[in-house]
Amino acid sequence: MPKNSKVTQREHSSEHVTESVADLLALEEPVDYKQSILNVAGEAAGKQKVADVEDRPAWNSKLQYILAQIGFSVGLGNIWRFPYLCQKNGGGAYLVPYLVLLIIIGIPLFFLELAVGQRIRRGSIGVWHYVCPRLGGIGFSSCIVCLFVGLYYNVIIGWSIFYFFKSFQYPLPWSECPVARNGTAAVVEPECEKSSATTYFWYREALDISNSISESGGLNWKMTLCLLVAWSIVGMAVVKGIQSSGKVMYFSSLFPYVVLACFLVRGLLLRGAVDGILHMFTPKLDKMLDPQVWREAATQVFFALGLGFGGVIAFSSYNKQDNNCHFDAALVSFINFFTSVLATLVVFAVLGFKANIMNEKCVVENAEKILGYLNTDVLSRALIPPHVNFSHLTTKDYAEMYKVIKTVKEDHFSALGLDPCLLEDELDKGTGLAFIAFTEAMTHFPASPFWSVMFFLMLINLGLGSMIGTMAGITTPIIDTFKVPKEMFTVGCCVFAFFVGLLFVQRSGNYFVTMFDDYSATLPLTVIVILENVAVAWIYGTKKFMQELTEMLGFQPYRFYFYMWKFVSPLCMAVLTTASIIQLGVTPPGYSAWIKEEAAERYLYFPNWAMALLITLIVVAVLPIPVVFVLRHFHLLSDGSNTLSVSYKKGRMMKDISNLEENDETRFILSKVPSEAPSPMPTHRSYLGPGSTSPLETSGNPNGRYGSGYLLASTPESEL
């Protein structure tokens with residue numbers, strides 16, 4: 001090296017000399033890269049640690065990570081929404097579109113999120129800033145959607161906590177209607193008598209619900225306390241990041257499977273359980289041709305895996321870079337599907353039992369009506385088959401008697417008010433709401449309080465696992481990007497969410513839960529995921545991404561993923577987005593209101609102010625995407641490129657901020673860092689010395705080259 005070179009001068013001087021990388025490469029001979037250290041940071045030279053990636057938390061074990069992903073993806077939707085959709089959309093026939101869409105949309109996009117999180121080792125904001133700065137708003141939108149979902153999802157955990165504590169009594173408080181004393185007479189509560197004990201307990205005792213969304217009715221103090229407990233549990237679980245939430249996952253992810261297994265065994269031993277399961281899996285093949293079935297299957301696949309929330313990316317970012325995320329994607333997706341099918345078996349075994357109980361009750365009530373008509377000579381005894389015994393009346397005997405009476409009294413049959421009491425009709429009533437249908441079924445269980453405690457403890461754990469992932473989708477990208485204190489920010493989020501969540505524990509709060517559940521996430525998440533797919537497959541480049549995955553994993557992923565990411569998944573997502581928009585326009589948004597005087601539900605449309613709130617939720621969720629795009633397109637917001645220089649001090653290379661020409665940005669030296677921590681920046685971006693290029697460098701596209709996370713790069717010895 002020439003004696004008058006600047007590098008030689010620095011070796012004999014303690015002063016910093018900073019200049020552009022282009023000048024260094026043009027004037028200096030190659031340095032010994034293995035003896036240099038590149039500190040990638042945004043602060044003054046000598047005052048910043050080697051990049052914070054070295055201090056990034058990591059999972060204690062692969063099992064802990066897998067349980068975290070399972071806990072996030074397997075939630076209340078698997079336990080209740082999947083069986084409901086299965087029953088609604090053709091039973092066993094629904095599994096066909098679900099499996100097809102799981103393979104062509106679910107697993108590829110789940111693998112994509114796992115891969116980008118693990119490769120770049122940042123939360124959603126840093127990941128999409130790196131992949132394509134102009135689409136950096138995707139990460140901010142994910143955070144907003146996570147906030148919206150977390151606000152109402154924790155209210156559902158609060159409901160489960162309320163029922164959990166109410167389960168420690170026998171008989172269960174929702175097993176019978178309350179009796180009011182009117183002087184010396186005992187009168188059953190009219191609202192309960194018109195509906196049912198479980199329905200009354202849900203709407204009146206638990207929610208104390210108002211008649212419409214416009215009637216606030218004030219706070220429900222019982223649910224307010226339960227919401228406070230729910231946010232306290234979530235806060236304690238996530239306050240230390242994965243150090244605390246990872247340990248919680250061992251219980252919250254595994255306990256629901258223990259409960260489901262217990263319920264399955266108990267359910268199969270119940271009378272009528274087989275009727276429910278046969279009804280469930282009897283395929284109605286005509287349903288497979290209904291586009292609505294495919295749309296609902298796609299939406300369920302989409303939400304079941306937690307795509308677009310940022311939780312998948314956040315959890316994956318704490319992995320080592322050589323982790324086999326290819327296998328993880330298939331494993332977690334399979335477990336998710338298996339859980340949904342297991343839950344379906346449990347739900348319909350129990351509901352088959354409940355349907356038999358209700359059908360027998362129907363037979364008894366209508367048999368009493370027939371006896372009354374026989375005693376008053378409204379009906380002739382000749383109409384009753386001779387083998388029928390009213391003291392031991394079977395459903396088959398009642399069906400025969402009903403058919404005869406209906407045939408003979410055809411003209412006046414409707415006036416008799418007799419019901420057919422068909423088991424299929426009871427089964428077709430569907431799964432309904434967990435807090436009504438399943439609780440009613442459990443009142444008929446032997447040792448019902450035990451099963452109720454287990455059921456609602458399972459719901460709490462399922463909700464907690466999903467909430468931990470949702471909170472990670474908020475905290476991880478914000479902490480990575482803005483370097484805020486982890487504990488303080490997490491606690492602040494929980495406190496803020498609790499106070500905003502008071503909206504959902506008013507007497508009208510259930511209607512706001514419906515609004516947020518139906519509209520705040522569905523369309524925004526669909527837009528987020530399709531843009532994630534486009535950013536990787538069409539802007540960053542599918543070939544380049546596949547090359548990076550090959551380098552990271554040590555083997556080439558199946559070509560199947562290439563075609564799914566490039567063509568099939570974007571097309572399917574575009575169709576789903578279009579269908580969601582059309583559905584929103586064709587069906588006016590509304591909600592099911594409980595009318596106290598009628599003791600029945602009535603479908604009401606949202607008033608104008610609620611429609612404005614609904615539209616605001618959707619707009620706010622997607623707004624960061626166009627805002628960031630416009631700001632970066634017109635250079636109103638820096639994307640972090642064209643600002644790289646280095647400063648040497650006795651052989652140490654430090655990153656400093658200065659302005660470079662555009663053609664300087666791809667020419668810089670990345671040297672070996674003596675750290676065991678994997679780098680967030682793909683190694684193919686390493687500059688191997690003057691006059692050489694990386695074997696995987698494919699273009700001069702600057703998109704996502706230097707993220708705001710100040711990335712640390714390392715070059716394998718073999719490349720040097």
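# Contacts, cores and disulfides

Biologist: Leaving aside neighbours within four places in sequence, which residues is Ser141 in contact with?

Modeller: This is a predicted model, in which local features need pLDDT of at least 70, side-chain atom pairs count only at pLDDT 80 or more, and totals for chains, interfaces and linings use all residues. Residues are numbered from 1 along each chain as its sequence is written, and side-chain values use heavy atoms, with hydrogens and water left out. Taking contact as heavy atoms within 4.5 Å, Ser141 touches Ile528, Ala621, Val622, Pro624 and Ile625.

Biologist: What distance separates the C-alpha atoms of Ser141 and Ile625?

Modeller: Ser141 belongs to helix H7; helices (H or I, at least four residues) and strands (E, at least two) are DSSP runs numbered from the N terminus. Along the chain, Ser141 and Ile625 are 484 residues apart. The separation of their C-alpha atoms is 6.8 Å.

Biologist: Is Ser141 buried or exposed?

Modeller: The classes rest on relative accessible area: buried is under 20%, exposed is over 50%, and partly exposed is in between (1.4 Å probe, protein chains only). Ser141 has 0% relative accessibility, so its class is buried.

Biologist: Which helix gives the largest share of the largest nonpolar core?

Modeller: A nonpolar core is a set of buried Ala, Val, Leu, Ile, Met, Phe, Trp, Tyr and Cys residues joined through side-chain atoms within 4.5 Å. The largest one has 173 residues, and Trp128, Val131 and Phe263 make the most contacts inside it. Its largest share is 16 residues, and these come from residues 137-166, helix H7.

Biologist: How many residues does the second, separate core have?

Modeller: Among the members of this second core are Leu383, Ile405, Leu416 and Leu418. The core is separate, and its size is 18 residues.

Biologist: How many of the 12 residues of H3 are buried?

Modeller: Helix H3 covers residues 62-73 and reaches 17 Å from its first C-alpha to its last, close to the expected 16 Å; the expected span is 1.5 Å times one less than the number of residues. The buried set includes Gln64, Tyr65 and Phe72. H3 is mostly covered, and the count of buried residues is 10.

Biologist: Why does the disulfide of Cys177 and Cys192 tie together parts of the chain, and how many residues apart are they?

Modeller: A disulfide here is a pair of cysteine sulfur atoms within 2.5 Å, and for Cys177 and Cys192 the S to S distance is 1.9 Å. The link is left-handed, with -80 degrees about the S-S bond. Cys177 lies in the loop between H7 and strand S3 (179-182) and Cys192 in helix H8 (residues 190-194), so the parts that are tied together are apart in sequence by 15 residues.

Biologist: What relative accessible area does Cys192 have?

Modeller: Its partner Cys177 counts as partly exposed, at 24% relative accessibility. Cys192 is buried, and its relative accessible area is 1%.

Biologist: How far apart along the chain are Cys362 and Cys421?

Modeller: Cys362 and Cys421 form a disulfide with S to S 1.9 Å, left-handed at -75 degrees about the S-S bond. Cys362 is in helix H15 (residues 325-375) and Cys421 in the loop between helix H17 (413-416) and helix H18 (423-428). Both cysteines are buried, and the pair links distant parts of the chain at a separation of 59 residues.

Biologist: What is the pairing of the bonded cysteines, numbered in sequence order?

Modeller: The count of disulfides comes to 2. Cys146 is in no disulfide, as the nearest cysteine sulfur, that of Cys143, is 6.6 Å away. For the bonded cysteines, the pairing is 1-2, 3-4.
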